[in-house]
There are 2 protein chains.
Amino acid sequence: MRPHLRAVTDAEGLRRSTSGTEGLRRANTGAVLRALRELGPSTRSELAAHTGLAKATVGAIVADLEAARAVAEEGSRPGVRGRPGRPVALRGDRFVSLGLELNVDYVSAVVLDLAGGVVSSTSRSGGTSDDLRDLARSALDEHVGPDCTLVGTTLAVPGLVRGDNRTVAWAPNLRVEWGELADALGSLVPDQQVEVSNDANCAAYAESHHGAARGTSHALYVTGTVGIGAGIVQDGELVRGGAGFAGEVGHMTVGDSSALCGCGRRGCWEAAIGLHAMLAAVGMPELDTPLLTAESVAERARTDADVRAGLERVGRDVGLGIAVLSTVLDPQVVVMGGYFAPLGDLVLDPARRTLDERLVSTAQVRPELRTSTLGIEAAALGAAEQSFGPVLAGEIDLPA
Amino acid sequence: MRPHLRAVTDAEGLRRSTSGTEGLRRANTGAVLRALRELGPSTRSELAAHTGLAKATVGAIVADLEAARAVAEEGSRPGVRGRPGRPVALRGDRFVSLGLELNVDYVSAVVLDLAGGVVSSTSRSGGTSDDLRDLARSALDEHVGPDCTLVGTTLAVPGLVRGDNRTVAWAPNLRVEWGELADALGSLVPDQQVEVSNDANCAAYAESHHGAARGTSHALYVTGTVGIGAGIVQDGELVRGGAGFAGEVGHMTVGDSSALCGCGRRGCWEAAIGLHAMLAAVGMPELDTPLLTAESVAERARTDADVRAGLERVGRDVGLGIAVLSTVLDPQVVVMGGYFAPLGDLVLDPARRTLDERLVSTAQVRPELRTSTLGIEAAALGAAEQSFGPVLAGEIDLPA
DNA sequence: TGACATTAGTTCGAGACTCATACTTAATAG
DNA sequence: CTATTAAGTATGAGTCTCGAACTAATGTCA
């Protein structure tokens, strides 16, 4: 009865030894890769200064990376006094990762390169294993050439994913035969494990690396569709919780609303700010997708004061929940995704006011509320980024 | 106007380089120390098996530790076939750390040794810099011999501590002249930095290393006195938040209670389950300290059904808040400290029932609710443990 | 125009470390 | 008393980082 998703081959050939000198080189290589991502094209001297490594060490590491064709030299930057540096840049055509999302009524695939560039980002409606496999297959076929190595694949799903990053504990909205899915993914990337991750966590990761929370180390991502989910980034890392279930904020009790939730309880945040609650507040019908629905609401709000008042009410409840989360987690930035993105300040302004009222002390700064700009492929993008995580952290080598 | 607490000398002579081979040795030494803490006295072979290091490497590291007198050999354990192993154990008389707590009406000091043993644990009433310095001075004088090195000192305070672990942003309950305090601590441990940390964070750290959450990696600690505070441990590390203010749960909005909080707002968790709210619920007066008060309430509850009913009401609100926190953070264990400890199941049983009602899904397991057993010195103990953190993590060397 | 200053990057040797292998040591089993 | 078993130690190879010396490439200024 437990859904179990695992790619066929359990090669696990990647050495993860951290104790020897090769682990040291791996860690330092990770530092160089991170520096290149952060700084962009840089000379060896700049890398040495930024990482704290000796120039000779950086030279050796860059030479290795160049041999692996992970980086390439760019034209020099003259102008200043002294010998001009020869910047090296991460190459986008040699290593990529694949991020997938399987949701209720759509599937997404993102191909991300080592430099952090989005090679391809596609979605289509549908929610079966076959839909996912087809989309992924064509993404790989079109954008992963013969000299391009797939570093890893991560799948985002709306549900509770266990701490092993492999198996799904609970995904009530997905009607998927897990064995079938495992087969589909196994045939897609033979000889590789597919990691699984929660969709909100993936989106949070994407926002903190590529989106509205870029550059901050502590971010909170809240997504709103029919349900409400959150992803927590602390110190650049996802907070997953003891069993991998952290961030399931939809059913936390917030405010004095006694609205009945789909889960049968009362007072859930979702019952106050979920898509259906929002639509009830503005008196409008649901359209094809949450995003389309929200866009039509935003459109109507321009002329209809009643709609604005309804969004104001929703916004206050949004602020109430974010106040609770901010008090607990102290994020620097809160990114609002899902249907909140099209509504923007219509919801966020009242939320900000509520937040100001509810924050603890004069010393605490209100976190910045921003809307997501990554669109529907946010989760798949974050999933792809997660596959690069261990490489950039210096925990595993780039594949041969 | 900003309270600023900093020990005088900024030696910072500790090398933290992680890139070279000596950083490697430091990391591996940390692994051996952690293994010794976890396993207790162990032979070199056992340490090699547990850490994954080669026997020769462990031999070299143990020899170094022995030379530094951080470990000592114990009598051999005969009985099995083959050459008997010679277990080494962490010594308790060579390296210690000092944990301090400065609270509104008491100060505490804990001396902790490298093996994790509590050398000394004392408290006294009072809340001035002088009280703290005197207590700390006598703890050091009595328990830190001439051949014993103080690895570090950490101070726990009830307030918001900035992310630098040095300065206090907001501590409304403390009436302390920060310059005076810095002077007092500077004279106490010249040539050393004193780290500062939030008291609930410290207590959470203590619970996860020595107390009711020992052995788990994801714990939540909630303390109740007049105010309510929390400390969050994820993956063995404290969650501090973007500015260092995570865990300030007292003023999160929970439940439908419209009780007025001391902060001027309504619906704060503290207004529902803080000491004063609890006393109002049971109709009893406040005694000298929260703990004494709670003990007298527990005593009365044995015979008085009205008191039990009042605690039941409080317990439900406790459960409501913990449900919110568990939904967000997914801890394995929730430890209840402060006035909750003496009341135990009188409060926790209704809390558990509420928790069962409010948890998200069938897949999610209810976290275990336990009472703290560490007593009033919990925060000071956790503070002391934090000073050992970087050593056990292999980030810094033991002092010479 | 040419010596000089300046900065980038490489070479090289020293030093530190881990590791596998072979060896020594110390116990039990029969 | 010998064989067996397991713990711990020496040894040498291999990898890595680092600082210093060195080479390289450019602008500056007399």
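## The surface near DNA strand C

By class, the residues that make up the surface near DNA strand C comprise 8 nonpolar, 12 polar and 8 charged. The model described here is a predicted one, and in it 28 residues lie around DNA strand C, of which Ser19(A), Lys55(A), Arg86(A), Asn28(B) and Arg81(B) come nearest. Of the atoms of DNA strand C that come within 4 Å of the protein, 74% belong to sugar and phosphate.

Both protein chains contribute elements to this surface: α2 (44-51) and α3 of chain A, together with α1 (21-39) and α3 of chain B, each supply at least two residues. The element that gives the most is α1(B), with 4 residues.

## Polar contacts with DNA strand C

Two contacts reach phosphate oxygens of DNA strand C from side chains of chain B: an N or O atom in the side chain of Arg25(B) is 2.8 Å from one, and a polar side-chain atom of Thr57(B) lies 3.2 Å from one. Arg81(B), which is among the residues that come nearest to this strand, has a side-chain N or O atom 2.7 Å from a sugar or linking oxygen of DNA strand C.

## The surface near DNA strand D

Around DNA strand D there are 27 residues, and those that come nearest are Arg81(A), Ser19(B), Lys55(B), Gly82(B) and Arg86(B). The surface near this strand divides into 8 nonpolar, 11 polar and 8 charged residues. Sugar or phosphate accounts for 75% of the atoms of DNA strand D within 4 Å of the protein, while the rest belong to bases.

Three polar contacts may be described for DNA strand D, and they involve both side chains and backbone. In chain A, an N or O atom in the side chain of Arg25(A) is 2.9 Å from a phosphate oxygen of the strand; in chain B, a backbone N or O atom of Ser45(B) lies 2.9 Å from a phosphate oxygen, and a polar side-chain atom of Arg81(B) lies 3.3 Å from a sugar or linking oxygen. The elements that give two or more residues to the surface near DNA strand D are α1 (21-39) and α3 (55-67) of chain A, together with α2 (44-51) and α3 (55-67) of chain B. The largest share, 4 residues, comes from α1(A).

## Relation between the two protein chains

A turn of 180 degrees, with a shift of 0.0 Å along the axis, lays chain B on chain A with an RMSD of 0.1 Å. The two copies are therefore related as by a two-fold rotation axis. The same surface serves both copies, in that 100% of the contact residues of chain B recur in chain A.

## Domains and a hairpin of chain A

Chain A is divided into domain 1 (21-90), domain 2 (95-203 + 379-392) and domain 3 (212-373). The centres of domain 1 and domain 2 of chain A, taken over C-alpha atoms, are separated by 31 Å, and the contact takes 8 residues from domain 1 and 11 residues from domain 2 of this chain.

Strand β4 (residues 106-113) of chain A runs antiparallel to strand β5 (residues 118-125) of chain A, and 7 bridges join the two. Among the paired residues, Ala109(A) has Thr122(A) as its bridge partner in β5(A). The hairpin of β4(A) and β5(A) has 4 residues between the strands, and in this hairpin Gly116(A) takes a positive phi near 95 degrees.

Terms used
Residues numbered from 1 in each chain as written. Chains lettered and ligands numbered in written order. Predicted model: local features only at pLDDT ≥ 70, side-chain atom pairs only at ≥ 80, totals over all residues. Heavy atoms only, no water. Near = heavy atom within 4 Å. Polar contact = N/O pair within 3.5 Å; in protein donor to acceptor, adjacent residues only side chain to side chain. Nonpolar A, V, L, I, M, F, W, Y, C, P; charged D, E, K, R; others polar. Pairing = 2+ DSSP bridges. Least-squares fit on C-alpha atoms with pLDDT ≥ 70 in both. Contact = heavy atoms within 4.5 Å. Domains from an automatic or database assignment.
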